[in-house]
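Colleague: I would like to learn how to read one stretch of a chain slowly. Pick a single part of this one, please, and take me along it, explaining each term as you go.

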Amino acid sequence: MAPQHGKTLNTHISVDTWRSTIILLKRMVQQLEIREVDFDELKRNLEFTASLLEALYTSGTPPSLDADDDLQLRSDVVPVEVRDWLASTFTQRVQPIRQRLEEKPKFRSIVHAVQAGIFVERMFRKAYSTAMPDQPAEVINCLRDLDRWSFDVFSLDAVSSGHSLKTLFIELIIKHHLNSRFKVPISCLMSFLCELERGYSKHTNAYHNHTHAADVTHTVHCLLLRTRVLYWLTELEVLACLFAAAIHDYEHTGNTNNFHINTRSELAMIYNDHSVQESHHVSAAFRLLQDENTNIFINLTRPEWLELRSLVIEMVLGTDMSSHVLQVKAMRSCLQQHESIDKPKALSLILHAADISHPAKPWSLHSRWTPRLMEEFFTQGDKEAEMGLAISPLCDRHNTPVSQSQIAFMEFIVEPTFSLISDMSEKIVIPLIQDTAGPSPTCSRYRGLQWTVADLVSFRSMWMRHTEENKNRWRDKVKNGVSHSDESETQTGQDTA
Ligand code: AMP
Ligand code: MG
Ligand code: ZN
């Protein structure tokens with residue numbers, strides 16, 4: 001896009017001008033990222049964007065308020081402050097705190113501000129490279145497969161001495177440039193991840209532990225990449241996705257929500273039987289951030305923090321399996337009725353899919369996850385028996401049809417969810433390709449979009465192939481009479497895959 005310097009700006013700025021300016025700004029950032037900078041052009045573009053912002057500043061046009069839609073307020077009758085109050089008190093939307101008038105930035109200094117921003121980013125990159133210990137060669141080797149669906153989180157856990165979550169989260173934050181973009185202090189990140197891993201070990205669960213959290217975090221990254229939904233997101237949304245995945249089972253007790261409700265546990269009392277564990281995961285993780293030594297979001301602006309928090313809460317609460325049917329139905333009907341896709345709903349579905357993704361992975365991974373989950377279920381069944389309660393479905397270690405349960409789980413839960421993810425991604429991403437179909441985008445971030453249609457097709461066939469193969473493996477076990485919990489192979493979790 002040609003820079004529009006020299007064009008006269010009046011106080012009415014058209015939507016097209018805004019859109020062009022946003023693209024222009026993003027292009028500048030991208031050029032800086034790949035270090036292909038024409039300084040004269042950069043200066044002209046910055047001058048143009050500064051003059052546009054200055055025109056807006058002079059006009060004093062207030063940002064539009066979405067609360068109008070909810071409360072049907074007529075902007076000519078209701079003053080801005082009253083609309084803000086109504087919106088923040090009587091709708092669910094959290095209004096970002098408006099900057100006080102005297103705090104408005106002086107746009108004449110915008111070039112300096114951008115230069116300072118670049119400088120701070122460089123400083124953060126340097127701090128990370130000096131503070132990070134050298135990774136063992138085996139870890140580096142393992143992380144080479146980070147973008148692959150078949151990434152082996154068990155191997156990463158082994159070579160990182162049981163720190164797969166910490167290692168993976170840092171790697172992904174750096175890979176997506178989020179540490180420098182949001183100025184995440186390396187010391188806070190290290191301390192936060194130590195605490196997070198500690199919380200995942202609290203109940204020594206066979207399945208819901210830090211390795212599962214690492215697996216889900218990796219899978220969210222891979223889903224965003226493979227479906228190309230990544231290109232639809234802002235950096236803050238990517239950060240929210242990775243964070244939500246990393247914390248989504250924090251301090252899991254190794255029991256189901258129904259167990260909490262039936263035993264009237266402390267958590268069930270606190271959360272009134274609603275999404276008992278999920279409410280705890282998200283609440284306890286945000287509590288960790290209250291300490292400034294572990295607050296990785298310390299440098300986010302208040303509106304950024306509010307947006308991230310709201311997104312993370314919605315995503316983690318969406319991992320409550322009891323909301324599966326509702327989530328799937330709502331997204332299906334949105335796609336059928338050609339409505340626009342709500343981002344938090346789409347991202348919640350992606351986290352939910354990642355959470356149940358192991359049956360859609362290669363057998364070598366799926367066959368290691370299933371016995372772990374079963375062992376956790378059986379431990380709950382043992383407790384239920386001890387307490388004189390009825391044993392929950394799939395929790396009786398002497399009488400559970402493991403193979404059949406896996407086949408049914410894939411057919412009724414995993415496949416419909418992944419099919420929906422594939423359909424949703426097509427709906428989201430294909431218009432993005434059309435938007436960038438003009439002069440080829442210079443940014444490395446958008447270059448990947450050009451291959452999208454083929455990628456979406458190959459993603460769909462990949463997860464379908466794995467679920468089909470895994471179902472066949474379980475069917476073979478049924479045929480060979482090793483499908484039940486009390487038959488040695490599934491009971492011990494030893495598998496020959
Ligand atoms: P979460 O507890 O957050 O990890 O959510 C995932 C839930 O999906 C588990 O607790 C199980 O209830 C269910 N799930 C995941 N994988 C399987 C599986 N292979 N078989 C049966 N249920 C599964
Ligand atoms: Mg969970
Ligand atoms: Zn989980």
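**Along the chain, from a loop outward**

Modeller: Let's start at R228, which is buried, with a relative accessible area of 13%; buried means under 20%, exposed means over 50%, and partly exposed lies in between, using a 1.4 Å probe and protein chains only. Before we go on, here is how to read the values: this is a predicted model, in which local features need pLDDT of at least 70 and side-chain atom pairs count only at pLDDT 80 or more, while totals for chains, interfaces and linings use all residues. Residues are numbered from 1 along each chain as its sequence is written, chains are lettered from A and ligands numbered from 1 in the order in which they are written, and side-chain values use heavy atoms, with hydrogens and water left out.

Where does R228 sit? R228 is in the loop between α11 (210-226) and α12. Helices (H or I, at least four residues) and strands (E, at least two) are DSSP runs numbered from the N terminus. R228 also has a backbone feature to look for: a positive phi of about 65°, although R228 is not a glycine. Most residues other than glycine have a negative phi.

Now step back into the helix before this loop. T211 lies in helix α11 and counts as buried because its relative accessibility is 9%. Leaving out neighbours within four places in sequence, T211 is in contact (heavy atoms within 4.5 Å) with V153, F154, D157, S164 and W369. T211 and L156 are 55 residues apart along the chain, yet their C-alpha atoms are separated by 9.2 Å.

Hold on to S164, a partner of T211, and follow it into a pair of helices. Helix α8 (residues 164-175) and helix α10 (residues 186-201) have axes that come within 9 Å and cross at roughly 140°. The axes are lines fitted to C-alpha atoms, for helices over the stretch in contact, and the angles run from 0 to 180 degrees between N-to-C directions. The crossing of α8 and α10 is right-handed; a crossing is called right-handed if the near helix is turned clockwise from the far one by less than a right angle, and left-handed if anticlockwise. On the α8 side, the contact is made by S164, L165, K166, F169 and I170, and on the α10 side by L189, M190, L193, C194, L196, E197 and Y200. These contact residues divide into nine nonpolar, one polar and two charged. Here Ala, Val, Leu, Ile, Met, Phe, Trp, Tyr, Cys and Pro count as nonpolar, Asp, Glu, Lys and Arg as charged, and the others, Gly among them, as polar.

Y200 of α10 takes us onward, as it is one of the residues that D249 touches. D249 is in the loop between α12 (235-247) and α13 (257-262). Is D249 buried or exposed? D249 counts as buried because its relative accessibility is 5%. Besides Y200, D249 touches H208, H212, H281 and D355, when residues up to four places away in sequence are not counted. The side chain of D249 also makes a polar contact with the side chain of H248, at 2.8 Å. A polar contact is a pair of N or O atoms within 3.5 Å; within protein, one must be able to donate a hydrogen and the other to accept it, and residues adjacent in sequence count only if both atoms are side-chain atoms. An unreviewed UniProt entry annotates D249 as "binding site"; UniProt positions follow the numbering used here, feature names are shortened, and annotations may be inferred rather than shown by experiment.

After that loop comes N257, in helix α13. N257 is buried, with a relative accessible area of 15%. Its partners, again skipping residues up to four places away, are S275, V276, Q277, E278 and D320. With E278, the side chain of N257 makes a side-chain polar contact of 3.0 Å.

We can stop at R264, in the loop between α13 and α14 (266-270). R264 has a positive phi of about 50° without being a glycine. R264 is exposed, because its relative accessible area is 66%, whereas R228, where we began, is buried.
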